[in-house]
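Subject: Structure for you to look at

Hi,

Here is the structure I promised to pass on. Have a look at it first, and then read on for what turned up.

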Amino acid sequence: MSVVKINVLTVPAEQRETLEKRFAARAGSVENSDGFEWFELLRPVEGTDTYLVYTRWRAEEDFQAWMNGSMKAAHGGGEGGDGAPKQKPAASGSTLWSFEVVQQAAPKNG
């Protein structure tokens with residue numbers, strides 16, 4: 001079954017808009033990766049400054065291939081893709097949670 005990766009980002013209130021704009025600008029960067037199944041950016045509603053970045057993958061190997069390939073290229077190095085200085089992160093902290101999907105359900109049609 002699939003694996004789920006949840007990146008837990010601590011985002012100060014003044015950086016929320018920046019974070020959301022950056023994710024909107026990267027639309028499509030993970031969707032074409034082999035084994036990618038789903039993505040959601042979850043905004044906190046109340047009582048926390050923590051965003052959740054939910055991705056679902058066919059297998060751990062697919063996630064690792066993305067991490068070591070296009071994700072690393074997009075986030076690595078000291079410069080942006082156009083040679084400009086790298087942007088300061090919008091999040092002040094990050095933790096990666098990993099899960100295996102052991103049960104799932106979908107709406108029943110009918």
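I'd start around W57: F36 stands opposite this residue in β3. Before you go further, keep in mind that this is a predicted model.

**The strands**

Strand β3 covers residues 50-57 and is mostly covered itself, with 6 of its 8 residues buried. β3 has a partner in strand β1 (residues 3-10), running antiparallel to it and joined by 8 bridges. Strand β2 (residues 36-42) also runs antiparallel to β3, and here 6 bridges join the two. W57 turns up in both pairings: V3 has W57 as its bridge partner in β3, and F36 stands opposite W57 too.

**The aromatics**

How many aromatic pairs does a search of the whole structure find? The count is 5. One of them is F36 with W57, an edge-to-face pair at 5.5 Å centre to centre, with 75 degrees between the planes. F36 sits in strand β2 and W57 in strand β3, so this pair ties together parts that are 21 residues apart in sequence.

Are the two rings buried or exposed? F36 is buried, with a relative accessible area of 17%. For W57 the relative accessible area is 0%, so W57 is buried as well. W57 also forms an edge-to-face pair with F63, this time at 5.8 Å centre to centre and 65 degrees between the planes. Both W57 and F63 are buried. Put W66 alongside these and you have one aromatic cluster, made up of F36, W57, F63 and W66.

**The charged side chains**

Now for the salt bridges. As a reminder, side chains of opposite charge can pair when their charged atoms come close. The count here comes to 7 salt bridges, and a few of them are worth pulling up on screen.

In one of them the side chains of E20 and R43 meet, at 2.7 Å from N to O. That pair links distant parts of the chain: E20 is in helix α1 (residues 16-25), R43 is in the loop between β2 and β3, and they are 23 residues apart. E20 is partly exposed at a relative accessible area of 23%. R43 has 54% relative accessibility; the cut-off for exposed is over 50%, so R43 counts as exposed.

R26 shows up twice. It forms a salt bridge with E31, where the closest N and O atoms are 3.2 Å apart. R26 also lies over the face of F39, at 4.6 Å from the ring centre. E31 counts as partly exposed, at 36% relative accessibility.

Then there is R58, whose side chain meets that of D62 in a salt bridge (2.9 Å, N to O). R58 is partly exposed, with a relative accessible area of 41%. D62, on the other hand, counts as buried at 11% relative accessibility. Which residues are linked with R58 in a network of salt bridges? They are D34 and D62.

If you only have a minute, go to the F36, W57, F63 and W66 cluster, and then to the salt bridge between E20 and R43.

Cheers

Conventions
Residues are numbered from 1 along each chain as its sequence is written. This is a predicted model: local features need pLDDT of at least 70, side-chain atom pairs count only at pLDDT 80 or more; totals for chains, interfaces and linings use all residues. Side-chain values use heavy atoms; hydrogens and water are left out. Buried means under 20% relative accessible area, exposed over 50%, partly exposed in between (1.4 Å probe, protein chains only). Helices (H or I, at least four residues) and strands (E, at least two) are DSSP runs, numbered from the N terminus. Two strands pair if DSSP finds at least two bridges between them. Rings of Phe, Tyr and Trp (its six-membered ring) pair if their centres lie within 6.5 Å; planes under 30 degrees apart count as stacked, over 60 as edge-to-face and the rest as tilted. A charge sits over a ring if NZ of Lys or CZ of Arg is within 6 Å of the ring centre and within 35 degrees of the ring normal. A salt bridge is a side-chain nitrogen of Lys or Arg within 4 Å of a carboxyl oxygen of Asp or Glu.
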